[in-house]
Amino acid sequence: MIKKALISVLAALCAVSCVNVRTDNPYRDSACSVCVTLQYPEGYSEFAREGVEVSLEEMNNTFIYSVTTNSSGRALADLPRGLYRVSVSDRSGQSIFNGTCDKVVVNGATNVDLPLKYSKAGTLVVREIYCGGCKKLPEVGDYQSDKYIILHNNDTRTVYLDSLCFGTLAPYNSNSTNPWGGIMDFAPIIQALWQFGGDGKSFPLESGQDAVLCLNGAIDHTVQYPLSVNLNNASYFVCYNSTYFTNTTYHPAPGDKIVRERILDVVIKVGRANAYAFSISSPTVVIFRPQGMTIQEFVQMSDTVIPIPGSTSDNVVTLPWDWILDGVEVFNGSTTSNNKRLRSDVDAGFITLSDTFLGHSLVRKVDEEASFEKGFTVLQDTNNSSNDFVELEKATLHE
């Protein structure tokens, strides 16, 4: 269970840089002074202000401290020695500033310069991720062939899903070793890259509407496993390709209600698995559109498909970060050894899936005020899943 300790910070600067305020920190007698300076992107310094929340998570035990900045974008806290993840998610209107710094060692007076990246609130966002599976009750065992995600139009305009692309990043799991040693200057799409079909206006998504994408079997899973979900629906989209993914346990023939035109195309397969590999405990989800070219042209360019370091057969697609429309980072709740894979302007935080095979789902919060003003469901979007998502005990498609 995550605990929070609030550490107040004075609004004014001291003669040096930050004002040190002793707090109710239970470790205050052995605490280390930590000064965090927010570095806004060039041209956005006017956004620096008092009261921006800075999160400092002790990575080995998930103890989280919250501090706020003074008017110059600095905050100071007294923390026990440890290894920390320092993060910020700041929104002003449609402008979002996110930054994350992993594995900050606090062992004495520590200064942290935290660069922030600029982004805008998305029009098309990921609403839900159901990946952890459920129990096979009344049978014995676990079930995981029913994964899906839901997309949502958060804009006042109609969005067309035609040619939209979907993928997941390497490494598959948040607690796996990153073969590159950290976040690269590209997003490494692993296993396969999928694309919605259409002629440009075949698949409109109106304001506030959802689109379900079945990652595994587009069938009624509840017929055999009542705790699962029914994915046999004429309005749903499907990741299905019997040429590339022959494992019928995960990819049975789509149900009788599935529309052929709503089956996604495999643009390129870069892994060896006979089923689309999507982590049950801690996936990343990204949706994106290419810029200045088609995705087919992009994957044919030199150096856009590269081997994974240490692998002799598996590759990744080196997707440009600025093509990503929305991304969500999921952490594994059964370990504290989680590492970020998404850049902070895509997702500065993470949402934790507490455990697998519980039927739980990760769902984006509703922005009640914005929904009232605009007259349709508007979801919270700060490009920080720690703020935007919650874990529900039941998938929304479970009847």
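Which strand supplies the largest share of the lining of the second largest cavity? In this predicted model, that share comes from strand 25, with 3 residues. Strand 25 spans 324–332, and together with helix 3 (385–388) belongs to the elements that each supply at least two residues of this lining. The lining comprises D326, G327, V328, D347, R364, D381, N383, N384, S385, D388 and F389. By class, 5 of these residues are charged, 4 are polar and 2 are nonpolar. The volume of the second largest cavity is about 30 Å³.

In total, 2 cavities of 30 Å³ or more are present in the structure. The largest has a volume of about 50 Å³. Its lining is formed by A170, N178, W180, G182, I183, M184, F186, P188, W321 and R341. Here the division is 7 nonpolar, 2 polar and 1 charged.

Three residues of the lining of the largest cavity, A170, W180 and P188, are also among the contacts of V316. V316 lies in strand 24, which covers residues 315–319. With residues up to four places away in sequence left out, V316 further touches I189, I190, V270, T304, V305, I306 and I308. The relative accessible area of V316 is 0%, and V316 is therefore classed as buried, the cut-off being under 20%. One of its contacts, I189, is 127 residues away from V316 in sequence, yet the C-alpha to C-alpha distance between V316 and I189 is 5.2 Å.

Definitions and conventions. Residues are numbered from 1 along each chain as its sequence is written. This is a predicted model: local features need pLDDT of at least 70, side-chain atom pairs count only at pLDDT 80 or more; totals for chains, interfaces and linings use all residues. Side-chain values use heavy atoms; hydrogens and water are left out. Helices (H or I, at least four residues) and strands (E, at least two) are DSSP runs, numbered from the N terminus. Buried means under 20% relative accessible area, exposed over 50%, partly exposed in between (1.4 Å probe, protein chains only). Contact means heavy atoms within 4.5 Å. On a 1 Å grid over the protein atoms alone, a cavity is a set of points where a 1.4 Å probe fits but cannot get out, and a pocket is an open set with protein on both sides within 12 Å along at least five of seven lines; lining residues have an atom within 4 Å of a point. Grid points are joined across faces, edges and corners, and a volume is the space filled by probe spheres set on the points. Ala, Val, Leu, Ile, Met, Phe, Trp, Tyr, Cys and Pro count as nonpolar, Asp, Glu, Lys and Arg as charged, and the others, Gly among them, as polar.
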